[in-house]
Amino acid sequence: MRIVFLEIPVWQFRTVTCGVAGVILLAMGIAQDRRHWHPARTTWPRLVAAAFFNMTCWHILVGFGLQIVGAGHAAIVCYTLPIWTALLASVFLKERLSPRILVALVLGVAGVSVLLSVNMSLLENAPLGFIFLLTAAITWAAGTLIVKHYDWGIGMFALAGWQLLIGLVPIAIIATMSEPFMLHRVSTEAAVAGLYVLFVGMVVGYALWFGIVNVMSATVASIGSLMIPVIGVVSSAVLLDEPIGWRELVALVLVLSAITLVLFFRPKHQGNSW
């Protein structure tokens, strides 16, 4: 995304990608179940709230944050998500923070902190960028809890598609009023990066994410997302020949330990419940 935002205005890019991804996911939802893809009238207020937190706030805040902070550190800060999800879920959804979950949270956050420790001076040099990203993580957690709390009566593909289409409305209005059209001027590199963000990051990413949230507790689902910044760091080493140091290895062990703890060491009496 950082490559894209160096050439394309944030709001304009988000308008296009949210619109296209929303249409694709909604079409997938219709193909999945032609009878249950349109939300009931009574669910629209909370659907708008979910779209605002999950889509509008997230995409705009991350977009501006990426313009200030490097992509690697942006990913790390964004994925403080499990902390906020666990705290909000314990208050609003009454999800119990068992010792197993608490240990997993500590391990996962420790792994992300190790990655962030490589250059703590960024926190001092770009505080506004980190405020944007931290707020994005909190709003994403809030949106996740809204999705988890209600029985929507539609499939997860359709739910994701509706949220994207609703969430882009304020983004599109601001983009139209404040940004010149720039898509026709982008370089090949930015265009390829934009298509990757659209199809892999948004269509595939949201399809998987809402599917996971549907079957797991909000806290457990968010802990799994801790693997994302670790994958980002490792893939940078593989694709860009960046060296992997002790921080990356320690972070990988900590995060994998957290995910293993919540996925494979559940108490037997819980059965399939998360």
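The expected span of a helix is taken here as 1.5 Å times one less than its number of residues. Helix α9 is a handy place to try that out in this predicted model. It runs over residues 156-178, 23 residues in total, and its first and last C-alpha atoms lie 33 Å apart, close to the 33 Å expected. That doesn't make α9 free of bends, though: there is one of about 35° at V169, with a proline, P170, following within four residues.

Stepping back to the whole protein, the tally comes to 13 helices and zero strands. Read along the sequence, then, the pattern is just one α after another, from start to finish. The protein has 274 residues, and 46% of them count as buried. Contacts reach far along the chain, too: among those between residues at least 6 apart in sequence, 88% join residues at least 24 apart. On the outside, about 13,500 Å² is exposed, and carbon and sulfur atoms supply 70% of that area.

Next come the aromatic rings. Searching the whole structure turns up seven aromatic pairs. One of them brings together Y150 and W152, whose ring centres are 5.9 Å apart; their planes meet at 70°, over the 60 degrees that marks an edge-to-face pair, so that is how this one is classed. The two partners differ in how much they show. Y150 has 35% relative accessibility and so counts as partly exposed, falling between the 20% and 50% cut-offs. W152, at 5%, is under the 20% limit and is therefore buried. W152 also has a charged residue over its face: R46 sits there, 5.7 Å from the ring centre. Elsewhere among the aromatics, W37, W44 and W162 are linked by ring pairs into a cluster. W162 falls within the stretch 156-178, which is helix α9 again.

Finally, there is L81, a residue of helix α5, which covers residues 81-93. L81 has a relative accessibility of 0%, so it counts as buried. What is L81 in contact with, once neighbours within four places in sequence are left aside? The list is A137, W140, A141, W209, S222 and S225. The chain separation can be put in numbers for one residue pair: L81 and T139 are 58 residues apart along the chain, yet 9.0 Å separates their C-alpha atoms.

Technical notes:
Residues numbered from 1 in each chain as written. Predicted model: local features only at pLDDT ≥ 70, side-chain atom pairs only at ≥ 80, totals over all residues. Heavy atoms only, no water. Helix = DSSP H or I, 4+ residues; strand = E, 2+ residues; numbered from the N terminus. Buried < 20%, exposed > 50% of the residue type's maximum accessible area, 1.4 Å probe, protein only. Contact = heavy atoms within 4.5 Å. Areas by Shrake-Rupley, 256 points an atom, 1.4 Å probe, with all protein chains shown as cover. Bend = angle between axes of the 7 residues up to and from the residue. Phe/Tyr/Trp six-rings, centres within 6.5 Å; stacked < 30°, edge-to-face > 60°. Lys NZ or Arg CZ within 6 Å of the ring centre and 35° of its normal.
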